[in-house]
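Colleague: Hi, I'm new to this one and have just opened the file. Could you walk me through it?

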Amino acid sequence: MSGGILVIVEGAGEGGNAGISRASLETVAYAQSLGGPLKLILPGAASPAQADALAALAVDEVLLADFAYPAGGVAGYDGDGYVAVLAEAIQRLAPDQVFLAHSYGARDFAPRLAARLNLTLVSDCIGQEGQGDAVAYLRQVFLGRAQARVKVAGAGPRLVSVQAGVARLEDLRRGAAPAPVSRSTLAMPAAPRVVAQAPIREGERSVDLSQARIIVAVGRGIKTQENIALAKKLADLLGAELAASRAVCDEGWLPIERQVGSSGQTVAPALYIAIGISGAVQHLVGMKTSETIVAINKDANAPIFKVADYGIVGDLFQVVPALIAALEGA
Amino acid sequence: MKIAVCLKQVPSTSAPLQLDAATRWVREAETAFETNAADNNAVEAALALRDQLGGEVIVVSLGPERATEALREALAKGADRALHLVSDQAPGLDPATVAGLLAGALTAENCDLVLCGLQSDDQGHGQTGALLAEKLGWPLASIAAALEVDGAGKARVKRELEGGWYQWLELSCPCLVTIQAGINKPRYAGMKGMLAAKKKPIAKTPVTDYPGGQTRQAMDELYFPHKTKQTRMLEGSPEDVAGQLVAALNLRARP
Ligand SMILES: Cc1cc2nc3c(=O)[nH]c(=O)nc-3n(C[C@H](O)[C@H](O)[C@H](O)COP(=O)(O)OP(=O)(O)OC[C@H]3O[C@@H](n4cnc5c(N)ncnc54)[C@H](O)[C@@H]3O)c2cc1C
């Protein structure tokens, strides 16, 4: 094309073959909102349903860029294969900007793609300002506690990964007619360097947090396993489910099935009370659509307050007992 | 097994952030620094592998003079020696420049395995490990939740996928693995370890040449974000705010 935007899209589901990932579709919506020529590229094997889903969007072209090893053998994601097909396409198409969702896959292949093309990758962006060469990207830094505006120097496409939730899926536009689809298969030189087993999920999920009307969620601010009892007491009083940030589950203070976030469950209860949770983006994606969010945190700059409807800056070891007392007295 | 771990010192995540708009960084003098959380897990993973397989753990950091503390702490936990690439500019370098400098230092070491934390708690690019793999020409396994290596140099890595799914990867050394925060319990440096660390070598190399000449990506503004959502901040004593919340949301104890 020369110019315009290329969006790298990924499949959904743990095997990458169940439709198109939500974060990728949000990224397409983000690119659509900027205007101008827009192409999509899906690396790896594409199912007919995936091809149709992409062609239905308001875009100029869809590229399905598969790769094949001499002896076969790669069924799903392969970082080297992704880097190879994407590097080829970006060199050929020379877009102004390349966007992709800041997914777990992107963390694996996007930096290597940047290195292969001698480009710089601006990762985990939440927006941009300005046009053309003067474009600047916004990113969260210090675990979301601060924000930075980032400028890129040098020639070549801007390579940018976009944070989940930056664009809304409802704004994704469909095309009047299906977009043209082109398919290619790149021959990989050697055998795969990384051999992947089938995806697994550990343990049974016996708690379905998504059904809870009220959730009391605790973070590392609770400090010890013994203190979990305090949050449990509040949850019991309210008839709420107890949930946690990843930090708490990593410590083993609560089982992983109670984890909320990108690597845990996604919830949207009527009321979400976040206690001693900083509000890292990986946690926020799992709960920010809750109807009412209450945050209790001693740090006024904690990013959890950005999504909170009610905020209490204070020591949870004073506020939560007071809340329990108020409920018991009411 | 010769293992290198790249680690970075970051502003403490539990202390208030002292931003400095002029330097687009924190006010160094008023800031406490600590080893990046995921890097601590990477150090632990490396030490555990060495305890099992024998060999050597080298810790590497690119950073200002103060980063020596982070290296010393890793030595006290049991790492064998350290490389410190000393640069006051380190906090402002883009990830490709950082990876280029680390690759320069590591190439001569001929390691079997390099571990990096998945991402840093300050800039949070989440790129250095993957870039370093590419620069070394090695295979990469990223977002490791578990890591096994056998005596023959075959690595098995449990890669984290979205939504609580995992996938085991098999690859051969030399390779690079990025370690997810929280996957193990980092050991503490005991008194004995701290004494021993004093005698362990830290090779300091001032950075004078930056690969690529110029950093390709730089902050031109750093600030506390403006709120988008209307948050009602409740103020007063704990009893006051508790009362306000109960009233505002009409909360009731379940009978
Ligand atoms: C690939 C990836 C996937 C991830 N997936 C998830 C996920 O699914 N879910 C998830 O939650 N995280 C996830 N994370 C981790 C995430 O980035 C954060 O590290 C994590 O959410 C932090 O948990 P926390 O808020 O409990 O702890 P911290 O960030 O340590 O925050 C603790 C908070 O408690 C406050 N506090 C401390 N003491 C008190 C007190 N006495 N009173 C009041 N407040 C207090 C502090 O001010 C601080 O804000 C993921 C990270 C990565 C890289």
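Modeller: Sure, and let's start with a term: a salt bridge is a side-chain nitrogen of Lys or Arg within 4 Å of a carboxyl oxygen of Asp or Glu. The side chains of Lys232(A) and Asp236(A) fit that, with N and O 3.0 Å apart. Keep in mind that this is a predicted model.

Colleague: Okay, where do Lys232(A) and Asp236(A) sit relative to each other in helix α5?

Modeller: They are 4 residues apart in α5 of chain A, which spans residues 228-238, so about one helical turn separates them.

Colleague: And is Lys232(A) buried or exposed? What about Asp236(A)?

Modeller: Somewhere in between. Lys232(A) is partly exposed at 39% relative accessibility, and Asp236(A) is partly exposed too, at 37%.

Colleague: How many salt bridges are there over all chains?

Modeller: The structure has 33 of them, counting all chains. One of them pairs Glu160(B) with Arg246(A), and their closest N and O atoms are 2.8 Å apart.

Colleague: Which elements do Glu160(B) and Arg246(A) belong to?

Modeller: Glu160(B) is in strand β10 of chain B, residues 154-160, while Arg246(A) is in helix α6 of chain A, so this pair joins two chains. Glu160(B) has a relative accessible area of 1% and is therefore buried, as the cut-off for that is under 20%.

Colleague: Got one inside chain B as well?

Modeller: Yes, Glu148(B) and Arg156(B) meet through their side chains, at 3.1 Å from N to O. Glu148(B) is partly exposed at 38% relative accessibility, and Arg156(B) is partly exposed at 30%.

Colleague: Which residues are linked in a network of salt bridges?

Modeller: That network takes in Glu129(A), Arg149(A) and Lys151(A), together with Asp220(B) and Glu221(B).

Colleague: Switching topic, where does the ligand lie?

Modeller: Between chains A and B. There are 30 residues around the ligand, and those that come nearest are Ser245(A), Ser263(A), Ser278(A), Gln282(A) and Asn297(A).

Colleague: What's the mix of nonpolar, polar and charged residues in that shell?

Modeller: The shell has 16 polar residues, 8 nonpolar and 6 charged.

Colleague: Which N or O atoms lie by the ligand's oxygens, then?

Modeller: Arg246(A) turns up again here: one of its backbone N or O atoms is 2.9 Å from a ligand oxygen. Gln259(A) has a side-chain N or O atom 3.2 Å from an oxygen of the ligand. For Gln282(A), the side-chain N or O atom is 2.7 Å from a ligand oxygen.

Colleague: And how much of the ligand does the protein bury?

Modeller: On its own the ligand exposes 990 Å², and the protein buries 88% of that. The elements giving two or more residues to the shell are, in chain A, α6 (246-250), α7 (281-284) and α8 (316-329).

Colleague: Last topic, chain B. How many helices and strands does it have?

Modeller: Chain B has 15 strands and 6 helices. Its C-alpha atoms fill a box of roughly 65 × 50 × 40 Å along the principal axes.

Colleague: What share of the residues in chain B is buried?

Modeller: Of the 255 residues in chain B, 56% are buried. The chain exposes about 10900 Å², with carbon and sulfur atoms supplying 52% of that.

Colleague: And the contacts along the sequence?

Modeller: Taking contacts in chain B between residues at least 6 apart in sequence, 71% join residues at least 24 apart.

Technical notes
Residues numbered from 1 in each chain as written. Chains lettered and ligands numbered in written order. Predicted model: local features only at pLDDT ≥ 70, side-chain atom pairs only at ≥ 80, totals over all residues. Heavy atoms only, no water. Near = heavy atom within 4 Å. Polar contact = N/O pair within 3.5 Å; in protein donor to acceptor, adjacent residues only side chain to side chain. Areas by Shrake-Rupley, 256 points an atom, 1.4 Å probe, with all protein chains shown as cover. Nonpolar A, V, L, I, M, F, W, Y, C, P; charged D, E, K, R; others polar. Buried < 20%, exposed > 50% of the residue type's maximum accessible area, 1.4 Å probe, protein only. Contact = heavy atoms within 4.5 Å.
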